[in-house]
Amino acid sequence: MMIVPTYVGPSEIEGVGVFAAAPIKAGAAIWTLADKFDLILPTEELEDLPEVQRNFIERYGYPHMTRPGLTGLEFDNGRFMNHTDTPNTDFTKPDIAWAIRDIAEGSGVTCNY
């Protein structure tokens, strides 16, 4: 769950992306794993889902970082975060992420996945 104000908008990286709705300081927590907003599914269950739902999870889900065989799916703006080799966030922990440099209001919030 994103814990900083964000919005989704057109992105030069790919289609849409997540943008800071207010300045975010380096070192600020920006995301935390939250049961009410993040679904964790056994990856094997994806095979039994109808194609439309399976495609959605494959597009917006991610393999859990420390628990093989699980897929995470965010239900807030976080699922639209784009990849870059020079991200402005750190998602190396499975339950919290931080800004690794100041992110100006209106700037894309990016990660390296």
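Biologist: Is I100 buried, exposed or partly exposed, and how do I read that?

Modeller: Look at the relative accessible area, and remember that this is a predicted model. Anything between 20% and 50% counts as partly exposed. I100 has a relative accessible area of 46%, so this residue is partly exposed.

Biologist: Where does I100 sit along the chain?

Modeller: In the loop between β9 (96–99) and β10 (110–111).

Biologist: And which residues does I100 touch, leaving out those up to four places away in sequence?

Modeller: You'd find A26, P87, N88, T89 and D90 on that list. For a sense of distance, take G17: the C-alpha atoms of I100 and G17 are separated by 18 Å, and the two residues are 83 residues apart along the chain.

Biologist: P87 came up there. Is P87 buried or exposed?

Modeller: The cut-off for buried is under 20%. P87 has 12% relative accessibility, so P87 counts as buried. P87 is found in the loop between β7 and β8 (89–90).

Biologist: Which residues is P87 in contact with, beyond its neighbours within four places in sequence?

Modeller: I100 again, plus R101, T110, C111 and N112. You can also check P87 against A99: they're 12 residues apart in sequence, with 9.0 Å from C-alpha to C-alpha.

Biologist: Let's try E12. Where is E12, and is E12 buried or exposed?

Modeller: E12 lies in the loop between β1 and β2. Its relative accessible area is 85%, so E12 is exposed. From E12 to P87 the C-alpha distance is 14 Å, and the pair is 75 residues apart in sequence.

Biologist: Now charges. How many salt bridges does a search of the whole structure find?

Modeller: The general idea is that side chains of opposite charge can pair when their charged atoms come close. Here the search of the whole structure finds 1 salt bridge. The side chains of R59 and E14 meet in a salt bridge, at 3.0 Å from N to O. R59 lies in helix α1 and E14 in the loop between β1 (6–10) and β2 (16–20), so the pair ties together parts that are 45 residues apart in sequence.

Biologist: How accessible are R59 and E14, which one is exposed and which partly exposed?

Modeller: R59 counts as exposed, at 53% relative accessibility. E14 counts as partly exposed, at 43%.

Biologist: What about charges that gather on the surface: which residues form the negative patch?

Modeller: That negative surface patch is formed by E44, E45, E47 and D48. Take E44 as one of them: E44 is found in the loop between β4 (38–42) and α1 (51–60). With a relative accessible area of 62%, E44 is exposed.

Biologist: And which residues make the nonpolar surface patch?

Modeller: L39, F56 and F75 make that one, and the patch covers about 250 Å². F56 has its place in helix α1. At 32% relative accessibility, F56 counts as partly exposed.

Biologist: One last stop, N77. Where does N77 lie, and what does N77 touch apart from residues up to four places away in sequence?

Modeller: N77 lies in the loop between β6 (70–74) and β7 (82–83). N77 touches M2, T6, Y7, V8 and V18, with those sequence neighbours left out. For T6, the C-alpha atoms of N77 and T6 are separated by 7.1 Å, though the residues are 71 residues apart along the chain. N77 has a relative accessible area of 22%, so N77 is partly exposed.

Note on methods: Residues are numbered from 1 along each chain as its sequence is written. This is a predicted model: local features need pLDDT of at least 70, side-chain atom pairs count only at pLDDT 80 or more; totals for chains, interfaces and linings use all residues. Side-chain values use heavy atoms; hydrogens and water are left out. Patches are made of residues with over 30% relative accessible area and no salt bridge: like charges are joined within 9 Å, nonpolar side chains (Val, Leu, Ile, Met, Phe, Trp, Tyr) within 5 Å. Accessible areas come from the Shrake-Rupley method with a 1.4 Å probe; for residues, only the protein chains shown count as cover. A salt bridge is a side-chain nitrogen of Lys or Arg within 4 Å of a carboxyl oxygen of Asp or Glu. Lys and Arg count as positive and Asp and Glu as negative; His and the chain ends are not counted. The place of a charge is taken as NZ of Lys, CZ of Arg, CG of Asp or CD of Glu. Helices (H or I, at least four residues) and strands (E, at least two) are DSSP runs, numbered from the N terminus. Buried means under 20% relative accessible area, exposed over 50%, partly exposed in between (1.4 Å probe, protein chains only). Contact means heavy atoms within 4.5 Å.
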